[in-house]
Amino acid sequence: MAERFDCIVVGAGPAGISCAHDLAKGGANVLLIERGEYPGAKNVMGGVLYRKMMEDIVPEFYKEAPLERPIVEQRFMMMDKESALNFGYKGMEWSKEPYNNFTVLRAKFDQWFADKAVEQGAILINETVVLECIVENGKVVGVRTDRPDGEVYADVVVLADGVNSLLAQSLGFHREYKPDEVALATMEILKLDKKIIEDRFNLEENQGCTIELFGDATKGILGTGFLYTNKDSLSIGVGTLLSGLIKHKIRPYELLEYVKNHPMIRPYIQGSEPQEYLAHLIPEGGYKSMGKIVGDGVLVIGDASQLVNAIHREGSNLAMTSGRLAAETILLAKEAGDFSEAMLDRYRVQLMNGFVGQDLKKYKDSTHHFDKFPQYFDAYIPMINKAASQMFTVDGKSKWEKQQKIWRDLGSAKEKMKIARDVYRAWRVIK
Ligand SMILES: Cc1cc2nc3c(=O)[nH]c(=O)nc-3n(C[C@H](O)[C@H](O)[C@H](O)COP(=O)(O)OP(=O)(O)OC[C@H]3O[C@@H](n4cnc5c(N)ncnc54)[C@H](O)[C@@H]3O)c2cc1C
């Protein structure tokens, strides 16, 4: 296979496909290598697809892409063992073109998206694992694959191989991530009749809803759960930091079973049939865990460079944006005939000056903070539920009496000060 391309992109997820699409559209000769049987075969996401970043690559994609439902409602559940405080937003403006966000199933969506890159002229090869980058005189000049005679050469190699990128690690771009820098998420796709979904979630045809789950969904461990509506299935999942699972000696599938059987969730999924079980890591170290993302002849994009905003469950949009910006820089480098780190660094600058870098910096201390102070999830959410129960139970006591009881339940003056301090600290890390 000893061939030469302008660019090799490793990994056909949202990051790699976006990059290959825009490179091919810009006239570059690009090879996209995927280890799975097809793009999406190994990919996992809840998953919410963000329209804006997708439209930056394929305008009006929603007219032809295999989408599940436009999301018209986002709900949040602060869960205790037998209760939940709910809030959210539903807007009819999101049910019309150009919509806001969509639920998708990655196995279908990634295949369609990769076809769009192929239509632009990218060459896609599946079932091929990139084993290592070929480095000559400190410059990446190609990749070695697991195919016979599997060396391929290019002016630039883009690493879009996802969380834990072994390829970037072997170049010394980042260290092995610690258990408090990655989350492990497990999820199931549950088959359920379309009409039942619409009735249960108060939706009309071609409307979708997402519910984010906090607190008891993860048994108070730092993390979140989710329940999303697809056309005729539901996606349900739960993800927590690996360090939390280790510390609490809980297996991820036990946590998923727990959520499925939770009294606040069980009625939504009743009668559904498990269709698929999936598990995947999510990079959650954020800005502080990012390694080097540019070198001579090489760029790192998407999850491979820790581009996930865990607070807002955004990942695919950061991946797509990084792929688009990497392609832009490579096309300029091609014009200049210069693939040095100095030239390719434009990608890093654009990425970090845009919303991706700004958001990562904004939340740079959040994972660490909420991991260090577990009381937000295991103490304060139950406390809020208890207060809501007292306030909303009509039992002949005056509301004034109830307020006083809630205040007393917060504990001594010292304990109240601690809560006030924690609220202030949380505000500081997410403001
Ligand atoms: C349970 C779960 C729920 C999520 N929910 C959401 C959500 O609702 N919205 C959202 O925006 N994000 C969500 N995310 C995050 C999102 O999935 C990722 O941020 C996104 O997929 C990153 O895209 P990527 O292209 O960088 O990596 P990936 O999608 O992981 O793609 C990497 C690709 O590289 C291939 N590959 C890896 N190594 C090699 C190799 N050596 N050779 C060849 N190919 C290789 C893989 O097979 C894969 O196809 C979720 C993640 C999980 C796990």
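**Exercise 1. Find which residues come nearest to the ligand, and how many surround the ligand.**

Solution. Step 1: in this predicted model, count the residues around the ligand. There are 35. Step 2: pick out the nearest. They are Glu34, Val48, Arg106, Asp303 and Ser316.

**Exercise 2. Find the distances between polar backbone atoms of Val44, Gly46 and Val48 and atoms of the ligand.**

Solution. Step 1: take Val44. A polar backbone atom of this residue lies 3.3 Å from an oxygen atom of the ligand. Step 2: go on to Gly46. Here the ligand atom is a nitrogen, and the distance is 3.0 Å. Step 3: end with Val48. Its polar backbone atom is 2.8 Å from a ligand oxygen. Step 4: turn to surface area. The ligand taken alone exposes 1000 Å², and the protein buries 95% of that.

**Exercise 3. Describe the shell around the ligand by element, by class and by domain.**

Solution. Step 1: list the elements that give two or more residues. Two are helices, H1 (14–25) and H9 (316–336). Two are strands, E3 (48–50) and E15 (273–283). Step 2: sort the shell by class. It has 17 nonpolar, 11 polar and seven charged residues. Step 3: check the domains. Domain 1 (3–68 + 104–175 + 289–353) gives at least three residues, and so does domain 2 (182–283).

**Exercise 4. Describe the second largest pocket: its space, its lining and the domains behind the lining.**

Solution. Step 1: take the volume. The pocket holds about 260 Å³ of space. Step 2: look at the lining, which has 23 residues. Closest to the pocket's centre are Leu105, Ala107, Lys108, Ile189 and Glu276. Step 3: name the elements. Helix H3 (106–120), strand E11 (182–191) and E15 each supply at least two lining residues. Step 4: sort by class. The lining divides into 10 nonpolar, six polar and seven charged residues. Step 5: check the domains. Domain 1 and domain 2 each provide at least three residues of this lining.

**Exercise 5. State how many cavities of 30 Å³ or more there are, then describe the largest cavity.**

Solution. Step 1: the count is two cavities. Step 2: the largest cavity has about 110 Å³ of space. Step 3: its lining is made of 14 residues. Gly286, Val308, Ala310, Tyr363 and Ser366 lie nearest its centre. Step 4: two helices, H11 (355–362) and H12 (366–372), each supply at least two residues of this lining. Step 5: by class, the lining has six nonpolar, five polar and three charged residues.

**Exercise 6. Find which residues line the second largest cavity, and which element gives the most to the lining.**

Solution. Step 1: this cavity has about 30 Å³ of space. Step 2: its lining is Leu184, Thr186, Val238, Gly239, Thr240, Leu245, Pro252 and Leu255. Step 3: E11, strand E14 (233–241) and helix H7 (252–260) each supply at least two of the lining residues. E14 gives the most, with three residues. Step 4: sort by class. Five are nonpolar, three are polar and none is charged.

**Exercise 7. Locate the cis peptide bonds at Gly47 and Pro98, and place each of these residues in the chain.**

Solution. Step 1: recall the background. Most peptide bonds are trans. Step 2: go to Gly46 and Gly47. The bond that joins them is cis, with omega about -5°. Gly47 sits in the loop between strand E2 (30–33) and E3. Gly46 also has the polar backbone atom 3.0 Å from a ligand nitrogen. Step 3: go to Glu97 and Pro98. The bond from Glu97 to Pro98 is cis, with omega near 5°. Pro98 belongs to the loop between strand E5 (84–90) and strand E6 (101–103).

**Exercise 8. Find the phi of Lys219, and say where Lys219 lies.**

Solution. Step 1: recall the background. Most residues other than glycine have a negative phi. Step 2: read the angle. Phi of Lys219 is near 55°, a positive value in a residue other than glycine. Step 3: place the residue. Lys219 is in the loop between strand E12 (208–215) and strand E13 (223–229).

Note on methods:
Residues are numbered from 1 along each chain as its sequence is written. This is a predicted model: local features need pLDDT of at least 70, side-chain atom pairs count only at pLDDT 80 or more; totals for chains, interfaces and linings use all residues. Side-chain values use heavy atoms; hydrogens and water are left out. A residue is near a molecule or strand if one of its heavy atoms lies within 4 Å of it. A polar contact is a pair of N or O atoms within 3.5 Å; within protein, one must be able to donate a hydrogen and the other to accept it, and residues adjacent in sequence count only if both atoms are side-chain atoms. Accessible areas come from the Shrake-Rupley method with a 1.4 Å probe; for residues, only the protein chains shown count as cover. Helices (H or I, at least four residues) and strands (E, at least two) are DSSP runs, numbered from the N terminus. Ala, Val, Leu, Ile, Met, Phe, Trp, Tyr, Cys and Pro count as nonpolar, Asp, Glu, Lys and Arg as charged, and the others, Gly among them, as polar. Domain bounds come from an automatic or database domain assignment. On a 1 Å grid over the protein atoms alone, a cavity is a set of points where a 1.4 Å probe fits but cannot get out, and a pocket is an open set with protein on both sides within 12 Å along at least five of seven lines; lining residues have an atom within 4 Å of a point. Grid points are joined across faces, edges and corners, and a volume is the space filled by probe spheres set on the points.
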